[in-house]
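Let's take a walk through a protein chain together. Keep the 3D view open and turn it as you read.

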Amino acid sequence: MEVFIQVMESGNFTRAADALGLPRSTISTVIQALEDRLGTQLLRRSTRRMVATDEGERFLGTARGIIDAAADAEQMFRQKSSQIRGRLRIDMPSRIGRRFVIPALPALLDQHLDLRIEISTTDRKVDLISEGVDCLIRVGELQNSETICRKLGDVGLITCGSPEYFARFGWPGSVAVLSTHRLVNYDSSLPAQPARFEYQTRTRSIQHPMSSVISVNNAEAYIAAACAGLGLIQIPAFDVQDLLESGTLVPVLQNVRLPTMPLSLMYARRRNVPVRISVFQEWVSDLLHREGVFDPV
């Protein structure tokens, strides 16, 4: 199974052999033996690389799960080991991945030489089990009885817009004038719910209806819409710090109290949490706290 996975990741037998330190003939023999054992063809040769058959694609996910489970079993009684190994697949918001996590990964991978990381960057709802994802990083309220949700901290929000927007619609000095303004509408699942400006008083949270000409479902598009002058946005401060410093976006309504949003790491509910997830949770929590992404709980 490890050989098959390596062939799929490398693209051909030669590179897989180099990666595993085995003769190319051994790779071919192992794959043939695996296909004979399963009674089906797993691979076919295209012009330049080996590609999986439909059966091979289905088997790949199962094989990865079995190899990961074996790695977890080997580490079950070595909780104090400084090394972790295996594949760790994480889904996180694109801004957190691009600006913080990925630039810091070399140090983590240098420390854990047998660790392999796969990162997807989305804001959508992810099914951890069916999509083979080990853990998620999400901003916002999360509820799912089938997952463990570990809150890392609270993220502060700001309201901002572009100079072009304010030149067209004026400067909102208070919540009372928001009826003459626009809000970029964000919803991770489209079609979106009606746009609302959220703020807090001493006693309660208020959602103020606003007009909107655009709805988006991820942070990159949300920020781009604000930069284009399409409306105000309410967003974690770390997401737009560089744009605030350059003047591309300008903070507004700073005297209005906004709610905070939890930043959490989620993983599937299971009897024994893989060591690599626990290590990553501690590492990413320390990283994002140092970078000022959140205030710790």
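## A small sheet to start with

Find Leu157: its bridge partner in β12 is Pro236. Leu157 is part of a bigger pattern, as strand β7 (residues 157-161) is joined to β12 by four bridges, and the two run antiparallel. Keep in mind that what you're looking at is a predicted model.

Now add one more strand. β12, β7 and β13, in that order, make an open sheet of three strands with antiparallel pairing. β12 (233-236) and β13 (250-252) are the edge strands, so to speak, each pairing on one side only. If you ignore direction, neighbouring strands of this sheet are turned by 55° against each other on average.

## The whole chain

Time to zoom out. The chain holds nine helices and 15 strands. Its C-alpha trace spans about 75 × 45 × 35 Å along the principal axes.

How much of the chain is buried? Buried residues account for 43% of its 297 residues. Take the contacts between residues at least 6 apart in sequence: 71% of them join residues at least 24 apart.

## Strand β14 and its partners

Next, look for β14 (261-268). Seven of the eight residues of β14 are buried, so this strand is largely enclosed by the rest of the structure. β14 pairs with β5 in the antiparallel sense over five bridges, and there Ile137 has Leu265 as its bridge partner. With β6, β14 also runs antiparallel, this time joined by eight bridges. One spot to check is Gly153, which stands opposite Leu263 in β14.

Ser264 is a nice residue to click on in strand β14. Is Ser264 buried or exposed? Its relative accessible area is 3%, and anything under 20% counts as buried, so Ser264 is buried. Leaving aside neighbours within four places in sequence, Ser264 is in contact with Leu136, Ile137, Arg138, Leu142, Cys149, Arg150, Lys151 and Leu152.

## An unusual turn of the backbone

Most residues other than glycine have a negative phi. Leu253 goes the other way: its phi is positive, near 55°. You'll find Leu253 in the loop between β13 and β14. Leu253 is buried as well, with a relative accessible area of 5%.

There's a positive phi at Gly11 too, near 100°, and Gly11 is what follows α1.

## Two nonpolar cores

Which residues touch the most other members of the largest nonpolar core? They are Leu263, Phe280 and Val284, in a core of 28 residues. Several elements each supply at least two residues to this core: β3 (86-92), α5 (94-111), β5 (135-139), β6 (147-155), β14 (261-268) and α9 (275-290). The biggest giver is α9, with seven residues.

Try centring your view on Phe280. Not counting residues up to four places away in sequence, Phe280 touches Leu88, Ile90, Met92, Leu108, Cys135, Ile137 and Leu265. Apart from this core lies another one, made of 18 residues, including Ile5, Val7, Ile27 and Leu43.

## The helices at the start

Go to helix α1 (residues 2-10). Why is α1 described as largely enclosed by the rest of the structure? Because seven of its nine residues are buried. They are Val3, Phe4, Ile5, Gln6, Val7, Met8 and Ser10.

Then look at the next pair. Two packed helices are described by the angle between their axes and the distance between the axes. For helix α2 (residues 13-20) and helix α3 (residues 24-38), the angle is about 105° and the axes are 8 Å apart. Angles from 65 to 115 degrees count as roughly perpendicular, and that is therefore how α2 and α3 sit relative to each other.

Who meets whom here? From α2 come Phe13, Thr14, Ala16, Ala17 and Leu20, and they meet Arg24, Ile27, Ser28 and Ile31 in α3. Sorted by class, this contact of α2 with α3 has six nonpolar, two polar and one charged residues. You've already come across one of them: Ile27 also belongs to the core of 18 residues.

Conventions: Residues are numbered from 1 along each chain as its sequence is written. This is a predicted model: local features need pLDDT of at least 70, side-chain atom pairs count only at pLDDT 80 or more; totals for chains, interfaces and linings use all residues. Side-chain values use heavy atoms; hydrogens and water are left out. A nonpolar core is a set of buried Ala, Val, Leu, Ile, Met, Phe, Trp, Tyr and Cys residues joined through side-chain atoms within 4.5 Å. Buried means under 20% relative accessible area, exposed over 50%, partly exposed in between (1.4 Å probe, protein chains only). Contact means heavy atoms within 4.5 Å. Axes are lines fitted to C-alpha atoms, for helices over the stretch in contact, and angles run from 0 to 180 degrees between N-to-C directions. Angles under 35 degrees count as roughly parallel, over 145 as roughly antiparallel, 65 to 115 as roughly perpendicular and the rest as oblique. Ala, Val, Leu, Ile, Met, Phe, Trp, Tyr, Cys and Pro count as nonpolar, Asp, Glu, Lys and Arg as charged, and the others, Gly among them, as polar. Two strands pair if DSSP finds at least two bridges between them.
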